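Work through the exercises below with the sequence and the model open. Each task is followed by a solution in steps.

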Amino acid sequence: MVTGSDMPVTRCDGSGMTTNGGHRPVFCTIVPPHVLDRLSQAEDPLVHGPARRTLRRDAYERTQRRLTTVVGAPAVTTRATAAEPGTPQRTVYDAEHGTDLPGVKARGEGEEPGQDATVNRAYAGLGATFELFLKEFGRDSIDGSGLPLDATVHYDRDYNNAFWNGEQMVFGDGDGEIFLDFTVAVDVIGHELAHGVTQYTANLDYFGQSGALNESVSDVFGALIKQYTLGQTAEEADWLIGAGLLAPRVTGVALRSMKEPGTAYDDDVLGKDPQPATMDDYVRTGRDNGGVHINSGIPNHAFHLAATTLGGHAWERAGQIWYDVLTGGELDQDAQFTDFATLTVKAARARYGEGAELNAVTKAWERVGVRTL
């Protein structure tokens, strides 16, 4: 068990309530700070250079998000207005390797694909996310009210991350040494947009166990979006987050594994995947906002166990239960694993009765060592 008590706590600008009672915008990245910290210490300048620049850029964006929360966002007149109910309104912008957002418009809703594959992947990923939430959960976009979906690609140079900043998606191209283009994995797109769903619903605090739940919910829906896009059952899915994102030189298959947390990568430069699969190996640390990207492996594993026990399409029953908890209004912002687990049991019983769903969810949490009350 890692304590990390001597490490400084760097908080993401996470969920919370603003002074006017609204939801605080979040700034959350797909690549955790502790991964970039390790890369920044590499001897190879092709590795440590992009990592250090990415850390500096992330710190700047996080600060800007905090300022926006305090003083309010300026009115933006160039963005798309809300779409007709039940229809997406996607706009993809090109930052042209700069950092001014949103950038130059590259593709709008209904426009034909262009020659930029990154733009086309971002557009398709926004659409896949919108479609899953609408068709399977009856949710009209991220906020439930037709919020336009904006994304910016080609952000900065050798930028090793992708993020949701409370208003839009942003994708780097990667450095080509450790990470590839961040639009190559549709689950990464879904993961970051799901932070927006959490922002507009449970608004989970981004620290400790509530932060790990915030990350896990995004992994769950990111995985579901990939499976939905590919038409996969729970048994057919790889349950990897960010498969295809790691460059050829890296010994690993993805950023995280929901099936086997802790096995996604084991690399001389990147390090070893630190995620635990059960509470026996829960990591207590001051890094990564109290381990939000690390301990999310535990609820991730619970969802995988429940979904594969039930079989079929994971979004149909296990996903519905998780969605019910996220949007049901009973999940506190500072919820702990036990609180979330207990609500999934309650949601399974309410929707499906005393059947296979309730049994699968209950046993999944038992196997990862999380109590239900």
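## Exercise 1: the sheet around β2

Strands β2 and β3 are joined by four bridges in the antiparallel sense. The model is a predicted one, in which local features need pLDDT of at least 70 and side-chain atom pairs count only at pLDDT 80 or more, while totals for chains, interfaces and linings use all residues. Residues are numbered from 1 along each chain as its sequence is written, and side-chain values use heavy atoms, with hydrogens and water left out.

Task: Give the strand order of the open sheet and name its edge strands.

Solution.
Step 1. Take helices (H or I, at least four residues) and strands (E, at least two) as DSSP runs, numbered from the N terminus. Two strands pair if DSSP finds at least two bridges between them.
Step 2. On the β3 side of β2, tyrosine 93 has lysine 105 of β3 as its bridge partner.
Step 3. β2 also runs parallel to β4, with five bridges between them; there threonine 91 has aspartate 150 of β4 as its bridge partner.
Step 4. β4 (residues 149-153) and β6 (residues 169-171) are parallel and share two bridges. Alanine 151 is bridged to methionine 169 in β6.
Step 5. The open sheet has six strands in the order β1-β5-β6-β4-β2-β3, and the pairing is mixed. Its edge strands, each paired on one side only, are β1 (28-29) and β3 (104-108).

Task: Which residues of β2 are buried on each of its two faces?

Solution.
Step 1. Buried means under 20% relative accessible area, exposed means over 50%, and partly exposed lies in between (1.4 Å probe, protein chains only).
Step 2. In a regular strand, side chains alternate between the two faces of the sheet.
Step 3. Arg90, Val92 and Asp94 are buried on one side of β2, and Thr91 and Tyr93 on the other. Five of the five residues of β2 are therefore buried.
Step 4. Helix α3 (residues 117-137) lies across β2 (90-94), β3, β4 and β6, at about 150° to β2. Angles run from 0 to 180 degrees between N-to-C directions, and axes are lines fitted to C-alpha atoms, for helices over the stretch in contact.

## Exercise 2: salt bridges

Task: Describe the salt bridges of arginine 249, glutamate 131 and arginine 317 with aspartate 44, lysine 135 and glutamate 357, in that order.

Solution.
Step 1. Search for a side-chain nitrogen of Lys or Arg within 4 Å of a carboxyl oxygen of Asp or Glu. The whole structure gives 15 salt bridges.
Step 2. Arginine 249 and aspartate 44 meet at 3.5 Å, N to O. Arginine 249 is in the loop between β7 (240-241) and β8 (256-257), and aspartate 44 in the loop between α1 (33-40) and α2 (45-71), 205 residues apart. Arginine 249 is partly exposed at 39% relative accessible area, as is aspartate 44 at 28%. Salt bridges link Asp44, Glu177 and Arg249 in a network.
Step 3. Glutamate 131 and lysine 135 meet at 3.2 Å, N to O. They are about one helical turn apart because four residues separate them in helix α3. Glutamate 131 is partly exposed, at 31%, whereas lysine 135 is exposed, at 57%.
Step 4. Arginine 317 and glutamate 357 meet at 2.9 Å, N to O. The pair links the loop between α7 (297-310) and α8 (318-327) to helix α10 (residues 356-367), 40 residues apart. Arginine 317 is partly exposed, at 27%, and glutamate 357 is buried, at 10%.

## Exercise 3: helix packing and the core

Task: How do α5 and α7 pack, and which residues make the contact?

Solution.
Step 1. Helix α5 (residues 208-230) meets α7 at an angle of about 40°, with the axes 8 Å apart.
Step 2. Contact means heavy atoms within 4.5 Å. Ala212, Leu213, Ser216, Asp219, Val220 and Leu224 of α5 touch α7 through Pro299, Asn300 and Phe303.

Task: State how far α8 is enclosed and what its buried residues pack against.

Solution.
Step 1. Eight of the ten residues of α8 are buried, so the helix is largely enclosed by the rest of the structure. Among them are Trp322 and Tyr323.
Step 2. These buried residues pack against α3, α4 (186-200), α5, α7, α9 (337-352) and α10.
Step 3. Phenylalanine 221 touches residues including Gly319, Trp322, Tyr323 and Leu326.

Key. Lists of a residue's contacts leave out its neighbours within four places in sequence.
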